[in-house]
Amino acid sequence: MWDRIQAWTKTPQGRDQLLTYLAEGGVLVGIVLVYRLAAHLLPEDGFDVYAVVRRTVTFLHLLVLMGMAVAVVRFVAMSTSAEERVGMLRTAFRTVTLAGGVFVTILWAFKGPVSLLFFGTTERMDLIPPIAMLIVGLVLHALIYSYWRGMQRMVRANVIQFIDLALVPNVAMWIGPGLIDVLWITAAMWCTIPLLGLFP
């Protein structure tokens, strides 16, 4: 049994699969840890609000993506030239930039009603701007992650997956003195790290 596992991990596909399992396992551990930290470090009802924010961002970023993450993986994988691959990424980037711009504008312009919708009160309006930027950051992450998956650069894809989804929220939770700070730090890193991969 062990010999078969060793033989499997010596192949490129086996190594990619093993790295993917490790990265996704790390993400799951990171998510559990960040919620434990939120329960201990955030004051009063900070844990409940943080949980609502994370669920909201996870749901809304899928609306902004409009299926582009799956499309990027498929079409990049099927492309026969670098020009086609980069062209697909640019098209996806322009599309989600337009959709994201409209979405973020709506969130910022109607902070009161949006806060009432998300949290049942208008007293959480100060959370709407960082939520908007968290959505932007998660969309950017999904694009570059999908592009690298389509390129079969699984080391890069899994590294950025682990950094963005496991490390960043926990680092932000440790260094942010309050919930707003935690959200802004997370949003800033989620926007910056994927751009380092997208721009080249």
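Me: Is glutamine 152 buried or exposed?

Reply: Let's read the accessibility figure. This is a predicted model, and the relative accessible area of glutamine 152 is 62%. The cut-off for exposed is over 50%, so glutamine 152 counts as exposed.

Me: Where does glutamine 152 sit, and what is its phi?

Reply: Glutamine 152 belongs to the loop between H7 and H8. Its phi is near 60°, a positive value in a residue other than glycine.

Me: Which residue just after H3 takes a positive phi?

Reply: That is methionine 66, with phi of about 55°. Here too the positive value occurs in a residue other than glycine. Methionine 66 is placed in the loop between H3 and helix H4 (68–78).

Me: Let's stay with H3. How does its reach fit its number of residues?

Reply: The general idea is to set the span from the first C-alpha to the last beside the span expected at 1.5 Å a residue. H3, with 20 residues, reaches 28 Å, close to the expected 28 Å.

Me: Which residues of H3 are buried?

Reply: Look for a relative accessible area under 20%. The buried residues of H3 include Gly46, Val49, Tyr50, Ala51 and Val53. Arg54, Thr56 and His61 are also among them, as are Leu60, Val64 and Leu65 towards the end of the listing.

Me: And what does the span of H8 look like?

Reply: H8 has 22 residues and covers 30 Å between its first and last C-alpha, close to the 32 Å expected.

Me: Where does H8 bend?

Reply: A bend is read as a change in direction of the helix axis on either side of a residue. In H8 the bend is about 40°, at leucine 167. A proline, proline 169, follows within four residues.

Me: How do helix H2 and helix H8 lie relative to each other?

Reply: For a pair of helices, take both the approach of the axes and the crossing angle. The axes of H2 (residues 12–41) and H8 (residues 154–175) come within 8 Å and cross at roughly 10°. Angles under 35 degrees count as roughly parallel, and H2 and H8 are therefore roughly parallel to each other. The residues of their contact divide into 17 nonpolar, six polar and two charged.

Me: How many salt bridges does a search of the whole structure find?

Reply: The search finds one. Aspartate 45 pairs with arginine 124, and their closest N and O atoms are 2.6 Å apart.

Me: Which parts of the chain does that pair tie together?

Reply: For this, place each partner in its element. Aspartate 45 lies in the loop between H2 and helix H3 (46–65), and arginine 124 in the loop between helix H6 (111–119) and helix H7 (128–150), so the pair ties together parts that are 79 residues apart in sequence. Aspartate 45, at 34% relative accessibility, counts as partly exposed. Arginine 124 also counts as partly exposed, at 23%.

Me: What can C-alpha separations add for isoleucine 144 and alanine 39?

Reply: They set distance in space beside distance along the chain. Isoleucine 144, in helix H7, is buried, with a relative accessible area of 0%. Its C-alpha atom is separated by 6.6 Å from that of glycine 197, 53 residues apart along the chain. Alanine 39 lies in helix H2 and counts as partly exposed at 46% relative accessibility. The C-alpha atoms of alanine 39 and phenylalanine 93 are 36 Å apart, with their positions 54 residues apart along the chain.

Terms used. Residues are numbered from 1 along each chain as its sequence is written. This is a predicted model: local features need pLDDT of at least 70, side-chain atom pairs count only at pLDDT 80 or more; totals for chains, interfaces and linings use all residues. Side-chain values use heavy atoms; hydrogens and water are left out. Axes are lines fitted to C-alpha atoms, for helices over the stretch in contact, and angles run from 0 to 180 degrees between N-to-C directions. Helices (H or I, at least four residues) and strands (E, at least two) are DSSP runs, numbered from the N terminus. Angles under 35 degrees count as roughly parallel, over 145 as roughly antiparallel, 65 to 115 as roughly perpendicular and the rest as oblique. Ala, Val, Leu, Ile, Met, Phe, Trp, Tyr, Cys and Pro count as nonpolar, Asp, Glu, Lys and Arg as charged, and the others, Gly among them, as polar. A salt bridge is a side-chain nitrogen of Lys or Arg within 4 Å of a carboxyl oxygen of Asp or Glu. Buried means under 20% relative accessible area, exposed over 50%, partly exposed in between (1.4 Å probe, protein chains only). The expected span of a helix is 1.5 Å times one less than its number of residues. The bend at a residue is the angle between axes fitted to the seven residues ending there and the seven starting there.
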